[in-house]
Every structure is written in structure tokens, then in C-alpha cells.
Amino acid sequence: MVTVLIIDDSSFQRKILTVLLKELGCEVIPADNAEEGVTIAAGKKPDILITDLLMPEKDGFWVLEQIGSRKLQIPVIILTSDIQTTTKERCFRMGAGAFLNKPVNKEEIHTAIRNALAGRK
Amino acid sequence: MTKEIDVETLDAIRELVNIGVGKAAGQLNQMTGSHIRLQIPLVSLVRFSEIAKSESQLLSDKELSAVLLEFRGTFSGITAVVFPSASAASLVMLLTGEKEKSPELDAMRVEALKEVGNIIINSVMGSIANVLGERLTYSVPVYNEGRFLTMTKLQRQDAENEWVLLARTNFLIELLSIEGDILLILEVGSLDRLVESIRRASHA
Amino acid sequence: MEESNQAGSAFRLYDSIPHGLFVLRPDFTVVFWNACIAGWTGIPADKARGMNILKEYPSLNTPSVISRITQLFEGGPAVLFSQMFHRHLIPCRLPNGALRVLKISCIPLDYAGEICALVVAEDITDLTSQVEAYRGMKNLTERQLDELKKVQESLFVANRKLNFLNSLIRHDILNQLTPLNISIDLARLDYHDPALIRVFDTVTRSSRNIQRQIEFTQVYQITGTRPAIWQNVAGTFLTAADSLNLRDIRLKTDLPDVEVFADPLLERVFLILLDNSLRHGEKISTIRCSGTRCNDGFLLVYRDDGVGVPADAKEKIFRREFFKYTGFGLFLAQEILGITNITIRENGIPGKGAQFEIIVPPDMYRLVTRE
């Protein structure tokens with residue numbers, strides 16, 4: 001079973017995403033802030049990490065930077081409300097594997113996870 | 001009648017506004033080439049009659065520029081995007097790349113501001129309607145200047161008892177921060193239906 | 001054909017509207033094209049029907065435009081396109097060949113079971129030209145104001161330097177007068193020859209004149225250096241009167257609640273008039289100050305019952321070198337009032353008293369209405 005860590009400060013968003021991922025047969029580990037998320041990532045080494053960008057205190061860019069600098073080798077999917085190309089480019093430069101916009105549907109998430117896992121192999 | 005809403009529902013509304021504002025920023029970015037840095041909107045719920053006493057100094061007594069849109073459906077009311085008139089001109093000029101010593105909201109810039117407000121409102125309402133799976137109908141958007149209470153109390157008989165969802169956002173464009181408010185003024189009874197719709201979407 | 005007939009009859013009213021109007025399907029094909037937009041684009045209605053607007057006008061075929069109109073087709077609100085962000089979204093030419101500036105609104109429209117877009121294009125070319133012309137003028141005015149400010153600042157600096165220099169020179173001159181006066185006073189003690197006494201008196205008089213002229217330049221220097229302000233006439237007059245010892249002289253005022261726009265030294269003007277009455281009026285018992293509106297603006301009348309001013313001196317008294325004394329005071333009063341175009345003249349009857357008439361132009365006075 002694919003383990004997916006989701007980092008988002010919105011409980012509403014975490015709920016929706018959890019429902020979608022469980023429908024895809026994934027095991028979901030939620031985190032409501034970036035620091036907690038990175039700690040879990042370092043400890044539990046999930047297969048995929050899905051993170052929001054805009055969060056209080058530490059944001060999604062910080063998550064990307066931590067995953068990279070700690071060499072955790074976890075594919076990161078960005079899920080954000082910010083649809084600007086400049087934001088997308090910055091995320092990819094920082095090592096994101098995929099960039100999705102909210103609200104996301106099941107197909108988009110499924111494709112992104114499949115591609116991320118394929119890339120990992 | 002719900003007197004308060006729980007933290008989770010407020011969080012959901014904030015997320016819906018967030019999605020809408022993000023989409024709006026993306027469209028403005030595509031249109032103008034200016035990168036817009038977003039901040040997490042602060043959302044609160046107040047009675048319309050209490051709005052002047054709310055934390056929003058923006059609404060209390062300043063001259064404002066606003067784009068307003070009426071909506072009808074499972075929940076009904078008015079959505080408004082509000083800027084202080086003084087910074088509305090600066091916002092437009094930042095987006096159009098104009099450089100003028102004393103920014104002024106002339107007829108052309110008013111039209112541009114209407115479009116910016118239209119983009120924001122449409123994105124926020126689109127986010128709410130799509131995520132909650134609701135079908136809403138809308139009036140043609142209007143532009144108004146003046147004090148907030150005068151603009152929004154027009155011809156609404158039960159205005160005092162209406163609930164207002166107030167989302168404070170900041171648009172950071174090229175080191176300049178322009179504060180704007182997005183408000184959903186909900187007709188009597190609509191807040192309950194909105195909350196119900198959010199609960200359904202959360203558990204769907 | 002049948003569909004185009006249906007659309008034509010459903011939207012026939014739109015043909016008479018003087019704005020460009022067309023209806024789009026969710027696939028961006030044209031259902032209806034009104035007479036106005038046909039005229040502006042040169043594309044007749046029958047050719048436009050079924051046309052894909054995105055292929056015809058590449059300026060529409062951008063992600064931001066498409067996504068916003070698509071949202072409308074999916075049940076979203078009306079969409080507005082302003083000329084500042086989309087100047088020529090649909091290129092339409094004027095008779096002179098220039099492109100029209102359009103304001104475009106897309107409004108949801110239920111038609112034939114689907115949500116279509118009613119697109120309204122309003123020609124705002126003239127309004128745009130006017131606004132741009134106004135902006136040009138405003139920018140030019142601002143630049144000119146900036147230049148004026150720079151000139152004003154440099155004049156201010158030059159004036160400050162001159163004033164400083166004047167102050168130094170005044171100070172040096174006054175310092176020279178002190179030993180001079182002391183020497184003359186000491187000489188008076190030792191020498192009593194009448195011819196010498198006359199010489200001493202002449203020197204003393206000249207020394208006093210020099211001192212008065214120095215004092216005059218000190219006051220004159222600040223005349224006009226501070227901006228004019230609105231001042232209550234009655235209040236200013238009474239303040240000036242309070243600072244003098246009027247002895248048994250009665251003061252009568254008959255002034256409405258009026259303010260004049262004058263140099264901040266207006267009080268000095270009243271001081272000069274009152275001082276002159278005390279010094280030169282000889283047998284003054286009453287001083288009157290009154291005011292009333294007149295054809296030239298507002299007339300302020302200062303009157304005493306002293307000996308008055310001789311007929312041949314009425315204009316000369318305002319020249320600083322004239323009359324019994326130095327005449328500086330009235331010259332200064334005239335200069336102070338002149339800063340805001342207020343005039344003063346002497347119009348009394350010799351032997352019956354001095355009468356000074358101060359005429360304030362219409363835009364330099366206002367009657368105060370108190371709530």
C-alpha cells in the first residue's frame with residue numbers, strides 16, 4: 001500500500017484529500033504544519049509527500065528545501081491554490097516532482113502519484 | 001439560526017477563499033506579468049450591524065472602492081471586494097505598470113479596478129460553488145465608491161440581521177502590499193445552508 | 001438555416017442597440033452577430049454565424065481570457081474586460097482607420113438549453129482619449145509645479161542668506177552707534193558752546209534716524225516672508241490697541257465678524273495707525289474703527305478726531321522720507337497690506353481728524369458665519 005504524507009494547515013483540505021487518497025487505496029498520514037510534516041517524513045519515510053505551499057510560519061518552500069537538504073529521497077507533490085507560472089517554476093527548481101492546483105480531482109492526484117512512483121523506481 | 005460557526009467550518013471557508021484568491025492571482029499574473037505574493041486570508045464572521053465595530057478598520061469609516069455581486073441559490077447574498085480608494089489606484093497602476101507621481105482613480109482606472117474585482121469575486125465564488133457542488137445565479141457586477149455601510153445596505157430590508165463572512169487578504173505586488181477585504185454578506189437563513197453544504201462536502 | 005433563423009428572431013432586438021453585441025456558445029462559436037459589431041469588424045452577420053471567435057481573433061485566444069469565459073459557461077458570473085488590460089480584444093476600426101477602444105462585458109445567457117455568453121462591446125474611444133489627455137495635462141502640471149518648487153527653494157535659500165547678511169550688517173551698524181551716542185553724551189558734559197550743542201544735536205538726530213531706519217529694515221525684511229493667513233479684523237485691531245497705552249482715548253469699533261487674508265504683520269498695521277494717532281493727533285479723544293462692504297470689496301475705516309493730515313500731504317505720508325517724522329510707519333503699513341493687494345489711503349478732513357481707508361479686494365475677505 002502506498003503511504004502518502006499530506007501537509008496542509010487546512011483541516012477541510014486534509015479531509016477532502018484523505019477521502020480521495022483512500023479511494024485510491026493509499027494509506028494517509030496527515031500533518032497540519034510544515035515542521036511536523038518534515039519530522040514525520042524523516043521518521044516514517046512515506047512513499048509520497050503532498051504539501052500545500054501557503055502555510056503559517058514555515059511554508060511549502062521550506063518543506064521542499066528540507067526534503068532536499070536532508071536527502072530524504074521522497075517525491076514531493078505540491079498542491080496549492082497559487083496557480084502562477086512563476087510559483088510553479090520555483091517549485092520545480094526546488095525539486096518538486098509535480099505541481100497541482102486546488103481544487104484537485106481524483107484523476108489528477110492519481111496521475112501525479114503514479115508518475116511520482118514511476119520516477120522513484 | 002446559528003449564532004456561531006465552528007472552527008472547522010471557518011477553516012473550510014478560509015480554504016475556499018484561499019483557492020479563489022489563488023486562482024485570481026494566477027489570472028492577474030497571466031494578464032499582467034506581475035507576480036503576486038499571497039498571504040493566508042484571515043476569516044471571521046460578524047453580524048452586518050456589527051461590521052463597523054469589527055476588526056476591519058478598512059470598513060469603519062474610510063472612502064472605499066468596491067465591486068459588488070449579488071448571488072442566489074442554496075445560499076444567497078452579496079459578495080464584495082473592497083479596497084481603500086487611496087490604494088485602489090496604486091493597485092491598478094502596479095498591475096498596469098504605469099508610473100505616475102500622484103495615483104488617481106480616473107475613469108479608465110475605475111474600469112480596470114472593476115475587472116480586478118471581477119476576477120477576484122468570480123474566482124472566489126467559483127471556488128465556493130464548485131467545491132461545494134452548488135449552482136448559483138448572479139447579477140451583473142457593479143462598482144461603487146463611498147462608505148461601506150452606505151454601499152451595501154441598499155434596498156435590503158433585513159440587513160441588520162445578516163451575517164457577514166469577512167476575509168482579509170493582502171496582495172503583495174513588487175514589494176508593495178495592498179490590503180483588500182472580501183466579504184460575503186449572507187441573507188437571513190443562508191449561513192445555515194452554507195454551513196450544511198460545507199459539512200456535506202467534507203464528508204462526501 | 002433553421003437555427004440561424006431562430007437565433008436571428010430571438011435576438012432581433014439587439015440589432016438596434018448601438019453597441020457591438022454577439023452571442024457565443026460554450027465552444028466559442030458565434031450564434032448571433034448584431035448589426036453594430038458587423039459594421040465595426042467588417043464581418044457580415046451571416047458569415048459570422050458559426051465562426052469560432054478564438055480562431056478569428058488571436059488576442060482572445062489567451063489562457064486568462066479563455067479560462068474566465070469558460071467559467072461563465074460553467075455557471076459562473078459575468079466577466080468584465082477593461083481597456084487598460086485589454087485595449088483591443090476584438091480589433092474594430094474607426095472610419096479613420098484607428099482602432100476602437102472597447103470595454104467588453106460577457107453576461108451569461110440561457111439559450112437553447114445551454115449557457116451561452118452575451119458579449120457586449122462598448123466603444124469608449126472618445127472617453128479614453130479624454131482621460132489620456134487629462135492625464136497628460138496633469139503630468140505636465142505636476143512637472144511644472146516641481147520646477148516651481150525647485151525655484152522657490154533656491155529663492156528661499158538666497159533670501160535666507162541675504163537676511164542673515166542684513167542681520168549681521170544691522171548688528172554691526174548698531175554696535176557703531178552705541179560708542180557714537182556715548183561719545184556725544186560725554187561731549188555734552190564737557191562742552192557747552194551753543195554752536196557745538198547744535199552740532200551735537202544734529203549728530204544725535206542723525207544717530208536716532210539711523211537707528212530707526214535699521215529697525216525699519218528689520219521689520220520690512222520679514223514682510224511677505226511668511227504666507228498670508230486669514231485674520232479676524234476686530235480681534236487683530238483690539239490686540240494692537242491692548243499693547244499701547246491709550247490713556248483716556250475712547251476706542252469705538254463697529255465691525256462685522258469679518259476676516260481678511262493678509263500678511264501675518266496685519267497687527268503691526270493697526271499699531272502704526274494707533275501710534276500715529278497718539279504721536280501726531282495732538283488732541284485725540286476718540287478713535288473709531290468700522291467696516292462695511294463696498295463696490296471694490298470691503299472698506300475698513302480708521303478714524304481719529306485729532307488734527308488730521310494736511311491736504312498736500314495725503315499721499316506723501318506714505319513715502320518713507322516724508323512728513324514730520326520719518327514716515328516709515330505708514331510706508332510699512334502700505335507694504336504689509338500690499339502683499340495681498342489691500343490698499344490704504346488717507347481721506348480725512350484737515351483739522352477734523354485723520355481718516356485711513358483700507359480697501360480689501362473681494363477675494364481677500366470673508367464674513368464669518370458662526371453656528
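This report walks through a predicted model with chains A, B and C, going from the chain contacts down to single residues.

## How the chains meet

Let's start with who touches whom. Two pairs of chains touch, and the pair with the most contacts is B and C. Chains A and C, on the other hand, don't touch, and their nearest C-alpha atoms sit 11 Å apart. If you want to trace the contacts by eye, chain B is a handy place to begin, since it has one side that touches chain A and another side that touches chain C.

## Chain B against chain A

Here, 20 residues of chain B are in contact with 15 residues of chain A. On the chain B side, the elements giving two or more residues are helix H1 (7–32), strand S1 (36–38) and helix H4 (107–132). H1(B) gives the most, with 13 residues.

What sort of residues are they? Sorted by class, the side of chain B that touches chain A has eight nonpolar, seven polar and five charged residues.

## Chain B against chain C

Now for the other pair: 26 residues of chain B are in contact with 24 residues of chain C. H1 and H4 of chain B turn up again, each supplying at least two residues of the side that touches chain C. This time the largest share comes from H4(B), with 12 residues, whereas H1(B) gives the most to the side that touches chain A.

By class, the side of chain B that touches chain C has 10 nonpolar, eight polar and eight charged residues.

## The domains of chain C

The domain assignment splits chain C into domain 1 (2–123), domain 2 (135–222) and domain 3 (229–367). The C-alpha centres of domain 1 and domain 3 of chain C lie 75 Å apart.

## Two helix pairs in chain C

Two packed helices are described by the angle between their axes and the distance between the axes. Take helix H9 (residues 266–280) and helix H10 (residues 328–338) of chain C: their axes come within 9 Å and cross at roughly 155°. An angle over 145 degrees counts as roughly antiparallel, so that is the label for H9(C) and H10(C). Their crossing is left-handed. On the H9(C) side the contact is made by Leu266(C), Arg268(C), Val269(C), Ile272(C), Leu273(C), Asp275(C) and Asn276(C). H10(C) answers with Gly329(C), Leu330(C), Leu332(C), Ala333(C), Ile336(C) and Leu337(C). By class, this contact has nine nonpolar, two polar and two charged residues.

H9(C) also meets helix H8 (residues 233–242) of chain C, with axes that come within 8 Å and cross at roughly 55°. H8(C) and H9(C) are therefore oblique to each other, and their crossing is right-handed. H8(C) brings Thr236(C), Phe237(C), Thr239(C), Ala240(C) and Ala241(C) to the contact, while H9(C) brings Leu266(C), Glu267(C), Phe270(C), Leu271(C) and Leu274(C). The class count for this contact is seven nonpolar, two polar and one charged. Leu266(C) is worth finding in the viewer: this residue of H9(C) is part of the contact with H10(C) and also of the contact with H8(C).

## A closer look at Phe200(C)

Phe200(C) is found in helix H7 (residues 194–222) of chain C. Is this residue buried, exposed or partly exposed? Phe200(C) has 17 C-beta neighbours inside 10 Å, so it counts as partly exposed.

Leaving aside residues up to four places away in sequence, Phe200(C) touches Ile184(C), Ala187(C) and Arg188(C). The C-alpha atoms of Phe200(C) and Asp185(C) are separated by 8.5 Å, with the two residues 15 apart along the chain.

## Backbone oddities in loops

A few loop residues deserve a look. In chain A, the peptide bond from Lys102(A) to Pro103(A) is cis, with omega near -5°. Pro103(A) lies in the loop between strand S5 (98–101) and helix H5 (106–120) of chain A.

Glu57(A) has a phi near 60°, a positive value in a residue other than glycine. You'll find Glu57(A) in the loop between strand S3 (48–51) and helix H3 (60–69) of chain A, and it is exposed because it has 9 other C-beta atoms within 10 Å. Chain C has a case too: Ala112(C) is not a glycine, yet its phi is positive, at about 50°. Ala112(C) lies in the loop between strand S4 (102–111) and strand S5 (114–123) of chain C. With 11 other C-beta atoms within 10 Å, Ala112(C) is exposed.

Notes
Residues are numbered from 1 along each chain as its sequence is written. Chains are lettered from A and ligands numbered from 1 in the order in which they are written. This is a predicted model: local features need pLDDT of at least 70, side-chain atom pairs count only at pLDDT 80 or more; totals for chains, interfaces and linings use all residues. Two residues are in contact if their C-beta atoms, placed from the backbone, lie within 7 Å. Helices (H or I, at least four residues) and strands (E, at least two) are DSSP runs, numbered from the N terminus. Ala, Val, Leu, Ile, Met, Phe, Trp, Tyr, Cys and Pro count as nonpolar, Asp, Glu, Lys and Arg as charged, and the others, Gly among them, as polar. Axes are lines fitted to C-alpha atoms, for helices over the stretch in contact, and angles run from 0 to 180 degrees between N-to-C directions. Angles under 35 degrees count as roughly parallel, over 145 as roughly antiparallel, 65 to 115 as roughly perpendicular and the rest as oblique. A crossing is left-handed if the near helix is turned anticlockwise from the far one by less than a right angle, and right-handed if clockwise. Domain bounds come from an automatic or database domain assignment. A residue is buried if 20 or more other C-beta atoms lie within 10 Å of its own, exposed if 12 or fewer, and partly exposed in between; C-beta atoms are placed from the backbone.
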